[in-house]
Amino acid sequence: MAQFSQGRLKDRRPLSIVDIGSNSIRLVVFEGLARSPTLIFNEKMLAGLGRGIVSTGKLDPEAVTRSMEEFRRFRALSEQAGASEMHVLATAAAREAVNGPDFIRRAEEVLGTKIRVLTGREEAYYSAMGIISGFHPADGIAGDLGGGSLELVDIKGTTIGDGITLPLGGLRLQDASKNSTVQSARIAETELAKAKLLAGGQGRTFYAVGGTWRNLARLHMSMTNYPLEVMHHYELGIADSEAFLRQVARGDIEKIKGIEHVSKNRRALLPYGAVVLQKIIATMKPSRIVVSALGVREGFLYSLLSPEQQKQDPLIAASEELALLRARSVGHSHELAEWTAKSFAVFGIDETEEEARCRHAACLLADIGWRAHPDYRGKQSLNIIAHASFIGVDHPGRAFIALANLYRHEGITDENIAAEIKALAPPRYTERARVLGAMMRVVYLLTASMPGVMPRLRWEKRPNGALALVLPADLAALYGERPAGRLAQLGKLTGKKLVLAVDGGPSSSAK
């Protein structure tokens with residue numbers, strides 16, 4: 001019996017990262033070093049190492065004891081998961097506490113490996129790398145809010161500015177303000193006034209990194225009945241979030257819908273996270289707040305990639321991997337991406353770079369639901385795509401990819417399907433998804449989901465103004481009523497007269 005199931009990529013060697021933060025410690029085991037990393041195992045403990053550090057200067061003794069016990073477990077779990085190597089990163093509390101060096105020495109003994117204690121500048125750098133790895137492209141200022149500190153760094157494309165670290169982590173702020181959100185607001189305002197780089201962020205994006213801000217976003221999703229529970233690339237409008245942040249900053253959170261999904265240890269820090277975000281908005285004046293599920297860990301992992309791997313498109317890389325694992329033929333998926341690109345051009349459908357990326361991804365993912373019952377392939381594909389751990393795509397783009405694959409299976413005539421997902425996509429995306437789905441419905445009937453046919457198909461303009469999809473003569477047997485009917489649907493949708501034809505043979509007018 002094979003040790004691993006075929007749902008795993010065979011060319012990957014697992015590796016693990018232990019992240020020792022001021023509030024939480026976490027083990028993440030990744031399937032391997034890749035442009036769009038996949039998690040095998042993920043566990044955290046809210047240790048609270050940095051609790052009380054402002055008043056005592058030391059790591060919390062009880063938290064130290066609990067952490068050592070968890071480190072033993074993390075090491076065992078990493079080995080059990082087959083990790084070939086373990087990287088351990090420590091941040092603000094461990095580098096600042098007077099007993100930090102002793103804690104690191106003991107932790108290294110337990111974990112059996114060297115621990116890298118990041119400076120504030122290094123922490124900001126790896127946070128920036130996490131944003132670069134997860135957004136296509138990144139342009140704005142990233143803020144990584146931990147338990148002990150806030151790192152801020154300017155990012156434009158792959159260019160990273162000088163990062164700074166400020167003592168505005170949730171635990172530290174709670175301690176320094178003596179549990180007063182009013183006092184914490186004053187502290188945050190004073191510290192952020194030192195962050196001159198925020199002035200360069202006006203009108204740009206603020207990328208919110210860290211567990212406290214992710215939990216704030218989760219609450220905002222619940223309160224607004226947002227239809228897609230995917231954290232990465234969730235956007236908070238500046239005006240829309242004002243009242244919400246004000247409510248949380250007051251500490252009035254127990255009645256907010258969804259609060260039960262936030263652990264009690266996390267809830268106490270939410271008001272401080274809201275206060276810091278309010279002050280960043282007031283100082284920076286960003287155009288929007290975008291939540292990132294990627295931070296220091298993922299940025300460090302990204303830094304280990306070769307320059308060639310770093311340049312890969314994360315959305316396309318992840319889609320290709322999923323096609324490799326779940327489609328009948330990944331070669332067919334690639335041919336579909338090429339054929340639809342040519343077909344869009346023939347039909348005069350213009351695409352932005354982002355739209356072309358999403359179409360490419362939709363084609364790679366077009367066959368991932370084939371093992372489901374035929375009546376549910378569309379719904380299953382939509383759910384997998386809508387909730388997949390993709391990076392490098394915003395929620396409207398994700399909706400486009402999911403809808404195109406829903407239409408590919410369910411047909412293009414039902415206006416009432418997937419209303420919640422359709423609400424995330426602008427009309428242009430919805431229309432393009434319908435056209436793409438209609439094209440897929442034609443070509444799948446001519447290829448039996450196997451490669452080799454699409455590169456031999458061609459669109460040909462006829463003297464009567466019709467546009468013919470031409471089969472080569474040796475593939476004439478593929479000609480039939482069903483593909484002609486699907487072509488008729490595509491013609492009706494696009495307002496074109498389409499003909500299914502064979503070189504030197506019959507043709508069928510799609511009116």
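Is Tyr 126 buried or exposed? Select Tyr 126 and switch on a surface to find out: this tyrosine is buried, with a relative accessible area of 7%. Keep in mind as you go that the model is predicted.

**Stop 1: the tyrosine neighbours**

Now add Tyr 125 to the selection. Tyr 125 and Tyr 126 make an edge-to-face aromatic pair, with 5.3 Å from centre to centre and 70° between the planes. Tyr 125 is partly exposed, at a relative accessible area of 37%. Bring in Phe 300 too, since ring pairs link Tyr 125, Tyr 126 and Phe 300 into a cluster. The structure holds 9 aromatic pairs, and another of them is next.

**Stop 2: two tryptophans**

Select Trp 339 and Trp 459. Their ring centres are 6.1 Å apart and their planes meet at 25°, so this pair is stacked. Trp 339 belongs to helix 15 (residues 330-346) and Trp 459 to strand 13 (residues 458-461), so the pair ties together parts that lie 120 residues apart in sequence. Trp 339 is buried at 5% relative accessible area, and Trp 459 is buried at 15%.

**Stop 3: arginines over rings**

Show Arg 408 with Tyr 444: the arginine lies over the face of the tyrosine, 3.7 Å from the ring centre. Then try Arg 359, which lies over the face of Phe 344 at 5.8 Å from the ring centre.

**Stop 4: helix 7**

Select residues 181-192, which form helix 7. At 1.5 Å a residue, these 12 residues should span 16 Å, and the end C-alpha atoms are indeed 16 Å apart. Colour the buried residues of the helix: Ser 184, Ala 185, Ile 187, Ala 188, Glu 191 and Leu 192. Looking down the axis of helix 7, you will see its buried residues fall within an arc of 165°, so they line one face. An α-helix has 3.6 residues a turn, so residues three or four places apart point the same way. To see what covers the buried residues, display elements including strand 7 (150-156), strand 9 (164-166), helix 6 (170-176) and helix 11 (270-284).

**Stop 5: backbone in the loops**

Just before helix 7, pick Asn 179 in the loop between helix 6 and helix 7. Its phi is near 65°, a positive value in a residue other than glycine, and Asn 179 counts as exposed at 57% relative accessibility. Move on to Lys 285, in the loop between helix 11 and strand 12 (288-292). Lys 285 has a positive phi of about 60° although it is not a glycine, and it is partly exposed at 47%.

Finish at Pro 137, in the loop between helix 5 (120-134) and strand 6 (139-145). The peptide bond from His 136 to Pro 137 is cis, with omega near -10°.

Technical notes:
Residues are numbered from 1 along each chain as its sequence is written. This is a predicted model: local features need pLDDT of at least 70, side-chain atom pairs count only at pLDDT 80 or more; totals for chains, interfaces and linings use all residues. Side-chain values use heavy atoms; hydrogens and water are left out. Helices (H or I, at least four residues) and strands (E, at least two) are DSSP runs, numbered from the N terminus. The expected span of a helix is 1.5 Å times one less than its number of residues. Buried means under 20% relative accessible area, exposed over 50%, partly exposed in between (1.4 Å probe, protein chains only). The arc is that of the directions from the helix axis to the C-beta atoms. Contact means heavy atoms within 4.5 Å. Rings of Phe, Tyr and Trp (its six-membered ring) pair if their centres lie within 6.5 Å; planes under 30 degrees apart count as stacked, over 60 as edge-to-face and the rest as tilted. A charge sits over a ring if NZ of Lys or CZ of Arg is within 6 Å of the ring centre and within 35 degrees of the ring normal.
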